[in-house]
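Visitor: I have a model open on my screen and I'd like to learn how to read it. Could you take me through its features one at a time?

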Amino acid sequence: MKDSIKKEVDKVLKETNPNLFDSKWGRLLHFINDHNKWYVIVLLIFTVFFGLQFINVPLLNFIHIDDVSVKSLIDNRTTNIVTMISVTFAIIGFLIANLAIKESFTYNILFKKSTFFPVSFIALSLIASFIILSTIKSAIPLDYQTRTLFVGTFLILLVIFLIGFLFTRLVKFTNQKYLLELTKKELISESRHNLLLVGRKIISAKKISELGFAQYSMAFYMPKTKGNFQISKDHSVITDIKLHKLKKLAQQIDINDFFAKDVCLYRKLTQTNEDGFFFVEENKLNQNSTVLNRMNNCVVTSAIQTEQKNEAKEYIIQKLKENIKANNDKLVEEYFDMLLEMFRLQQDFKFSISNKEEDITVGIKTDVFKMIDKAISSNSLESFYAIDGFCVQLLNLSISNKNISHFKEYLDLARYYYILSYNYYEANNAMYGKIYEQCSERAAMRIREVFLLLNFYFDKTDKADIQTKEMYNDFKYIAFSTFSQLLYNQVMNKDIKSFSYTLNQLEQGVFFGYHYDKYDFIVKLLRQEYSESELKNYKVGILPYRYFQHTVLGIKYWLFYLYENNQINLDELNEFVVPVLQIINEKQITPEYWEIELLFNYLNSNALSWYLNWQHWDYVTHKDGKAFTMPSVFDWIFTGFVIDAIKQGSFSNNFNVDTNLLEKQNPQNKSLLINTLKESLNRVKQNERWQEYFNNQLDTTQKIENQLNQINATFETQKAKEIVSEKLIPEKVQSFKSNFSNGWKDSKFIRKIFEHFGNIQKDETTDNKLFLVGLRAFLEKGKHFFLHISDNVYGIDDIAKSYGRNVSSAEDRLFFHTILKSKTEKVFNSVDSGLEKSISKLRKSKHTPTAIFLDYNPFFICQNEKWSNEKIIDFSNSTYDGVPVFYVKGNLLGNRFIVADFGKAFIMLYREIENAFDNVLKIDVIEISDEMANGKLQKEPEKWKNIDGQKISDEDALNYIKTSIILDYEVRESFEINNKSAFEVGLIDNNNKNI
């Protein structure tokens, strides 16, 4: 048995999609009608004509022809067959000239479906056979001629029958309906061929993946190589893979050393040195080169392209455009029915299609969009109805087959019914009024109807599994997103009539009483009377209601945002809001605080890309090529919620719903939501347009602010209890300490210079002359950094490093304070003169200057030739007269400088500390004890018993204090003058103009 992955793949495809394969009879007809197989027919006719007489066939013996007549009959038959074929071709030419549709595609179908090629090849082969026989008759036995004449006569009769059959087939091609049927069959055949290629590619890739190879990527850090394997010249596609051989090789190797690069059927190849199939790391090539070549040679390549066919699809699209332009609605429907069969075939395909290259319907949506535009611009309602009918059938098909990609693509077209028709209507009201009205209404109706279809095709009862309910929600989300975007387009066009109609369709078609379940279940949540299965089902079941709620509220709050930004006036705002309020009041969809909290958590999620199209709503026309910022959803959604709260007098009262039960929360989102609402409230209070909207009646804003403060205080006290009850995570404490130490090490300045010159000593005396460099810091609300809830806290590592840098800065301050107070500085009128004289003095005193410290001051930039950018010490800044220069930041020197023989002048003493970093830096993270907390509370009761103006109990205040942490860090060290004559301190007089 041939080792071929195709056999394995086709076996799987025949089990899952048997409709992709032709029957044996179909394959035979396809073979016979293939004009490229002409040589088979020619050989067959020659073999029968010249070889059948060698077999004793009784049929060839029952008639006797005398010897004299044989030769003349051979000549006559030759003449007869040539004349007959000539007349036949003339008639065929006449019939072809009278085809119902004269186009290259229909000619191709004619030649493929009418048996024209095999009949022509048989007839021509028979003519050639008789001509050959007539030519060589004098050289062959008379008996052989007689029997050959009989064979030829029977073949002539066969040709006459086939020509008659061909005539009957050709006559059908003068019938347009028959041609349309053949076009449809050709499209289905083409689609099956394409899906067969796609299926083979997908399954073959899966089978290679099952062998365990990691996928090779150029992004890998370690360079990979395919060895000395080369793809055969001009080979452009993978046509087969020796799967069994590859399996055996995979069992003999360490699979982790090898990488596969897109090994699958029909993968296109590039003639480059980088292209190949299996790779290893370059440092592992020597031991794997032989097996690597054998693996690469398991892949069979060819120069013969095996590509998808799109001739029939492109022809149908072309005919659709032509017939829409000509308002030929009947043919438009016929061609759309063909396309629908193509979609049905793909949706029946049992394998997931992941990219556009594998989608046989790709590009059709764009063409349909252009057809809609053409139908509307031509003011052809009939053509529009035909296109709309196709979209309706396709949406129905997509829902029934649970195909969400086609559903999303073609539901979005309904929105363009409105957009395109409105653009033409705006340009010419009189001409496009009727088609605009129809398109606008159908846009909303089509979206509404999909909700009815979803309820028909999906089981929404309690018996339905969670996966089915989740898929149902996915379809509904797309439908609500389309509704949301349509409402946005109508608002931006200030089209109140279409807007009201769309809201009416939304209200009628999509709401099914979920709000009753919501209130019942919220009571269970508050009482904690729910089971896990109830919670899981509720979370899935409530989603359609939330989509509905957000669609209505989103467009309402967007209207508020347009009003706030002077895009609509107060009258226009009220006109648009009236139908929105009607649906809100009838369906009781005013959101409660916990629902807004859920929405905020979802919008402020890293996993979110788009939600109901809100993120790309804008009211400004931007110029191409210029950067711009889209309006933030947080600026208008939550401002709208605040405006609603002001109008109704307060937020809803269900603040205690644990939203974590319904959706995993980012702990920071609660605080961020409160801050967002407070910012929105302040913006509303300060904006004159909102003063006008509320008729200067903003008395409830203080109550809203108090509610927010109360919510925040409740949240902070609850959070405090959770934090206090948890223990510090040792790994987080250690990570903090490590980052603290790294910050100290990375920012070392003076300590690094002492380490370089080696004048640093461990102090082992007991007189305790060393200074404590460090602090016992009270890190307010810092405990959460060391708990699980800090997993998503941004910047904690930087905070730790900043504390480390503080220690280094404290060391620098201690050093320069010690030096500057130990010696009186000399005054100079410039940096150059001061450095020159100080260096000269040190050298005269038998000292070698090794370090210059200058204040980091732009006035000190000098042009003296003694200055150089050379860095004798790699962490110095420059040199002066061959001496390393160090710039001192933090204004520690002022206008002073220091020149020193550093190793002789100074000494650093330090104390080793047990369990400290580098035995020097001690870092402790200490929880707040009850005693510490009581002390803090007694000292500052007003601070700790007040959160956003809300009084809290002593118990809550103590918990609030204990959310803090004590950060105890220190080094024990001192800096001493070892030799006063080995350094000089200078002061630059800033008042001297020569500086």
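Visitor: How many salt bridges does the structure hold?

Guide: Side chains of opposite charge can pair when their charged atoms come close. Here the rule is a side-chain nitrogen of Lys or Arg within 4 Å of a carboxyl oxygen of Asp or Glu. By that rule, the structure holds 42 salt bridges. Keep in mind that this is a predicted model, where local features need pLDDT of at least 70 and side-chain atom pairs count only at pLDDT 80 or more, while totals for chains, interfaces and linings use all residues. Residues are numbered from 1 along each chain as its sequence is written, and side-chain values use heavy atoms, with hydrogens and water left out.

Visitor: Show me one. Which residue forms a salt bridge with Arg200?

Guide: That's Asp10, with the closest N and O atoms 2.9 Å apart. The pair links distant parts of the chain, since Arg200 sits in helix α8 (residues 176–210) and Asp10 in helix α1 (residues 5–16), 190 residues apart. Helices here are DSSP runs of H or I with at least four residues, strands are E runs of at least two, and both are numbered from the N terminus.

Visitor: Is Arg200 buried or exposed?

Guide: Buried means under 20% relative accessible area, exposed means over 50%, and partly exposed is in between (1.4 Å probe, protein chains only). Arg200 has 13%, so it counts as buried. Asp10 is buried too, because its relative accessible area is 14%.

Visitor: What about Lys556 and Asp644?

Guide: Their side chains meet in a salt bridge, 2.8 Å from N to O. Again the pair links distant parts of the chain: Lys556 is in helix α21 (residues 543–564) and Asp644 in helix α24 (residues 633–648), 88 residues apart. Both residues are buried. You can also look up Arg267 and Asp275, a salt bridge with its closest N and O atoms 2.9 Å apart, where both partners are buried. And for a network of salt bridges, go to Asp388, Arg442, Arg446 and Glu449.

Visitor: Now sheets. In what order do the seven strands of the open sheet come?

Guide: Strands of a sheet pair through backbone hydrogen bonds, either parallel or antiparallel. Two strands count as paired if DSSP finds at least two bridges between them. The open sheet of seven strands has the order β9-β20-β14-β10-β13-β12-β11, with mixed pairing. Its edge strands, β9 (826–828) and β11 (867–868), each pair on one side only. Inside that order, β10 (residues 851–855) and β13 (residues 883–888) pair in the parallel sense over four bridges, and Ile852 stands opposite Val885 in β13.

Visitor: Which helix lies across these strands?

Guide: Helix α31 (residues 831–844) does, running at about 25 degrees to β14 (896–900). For that angle, axes are lines fitted to C-alpha atoms, for helices over the stretch in contact (heavy atoms within 4.5 Å). Angles run from 0 to 180 degrees between N-to-C directions.

Visitor: And what does antiparallel pairing look like here?

Guide: Try β5 (residues 278–281), which runs antiparallel to β2 (residues 224–225), joined by two bridges. Thr225 stands opposite Val280 there. Strand β4 (residues 258–260) also runs antiparallel to β5, through three bridges, and Phe259 has Phe279 as its bridge partner.

Visitor: Last one: how many aromatic pairs are there?

Guide: A pair of aromatic rings is described by the distance of the centres and the angle of the planes. Rings of Phe, Tyr and Trp (its six-membered ring) pair if their centres lie within 6.5 Å; planes under 30 degrees apart are stacked, over 60 edge-to-face, and the rest tilted. The structure holds 76 such pairs. One of them is Phe480 with Tyr547, tilted, at 6.3 Å centre to centre and 55 degrees between the planes. Phe480 lies in helix α17 (residues 466–492) and Tyr547 in helix α21, so the pair ties together parts 67 residues apart in sequence. Phe480 is buried at 0% relative accessible area, and Tyr547 counts as buried at 10%.
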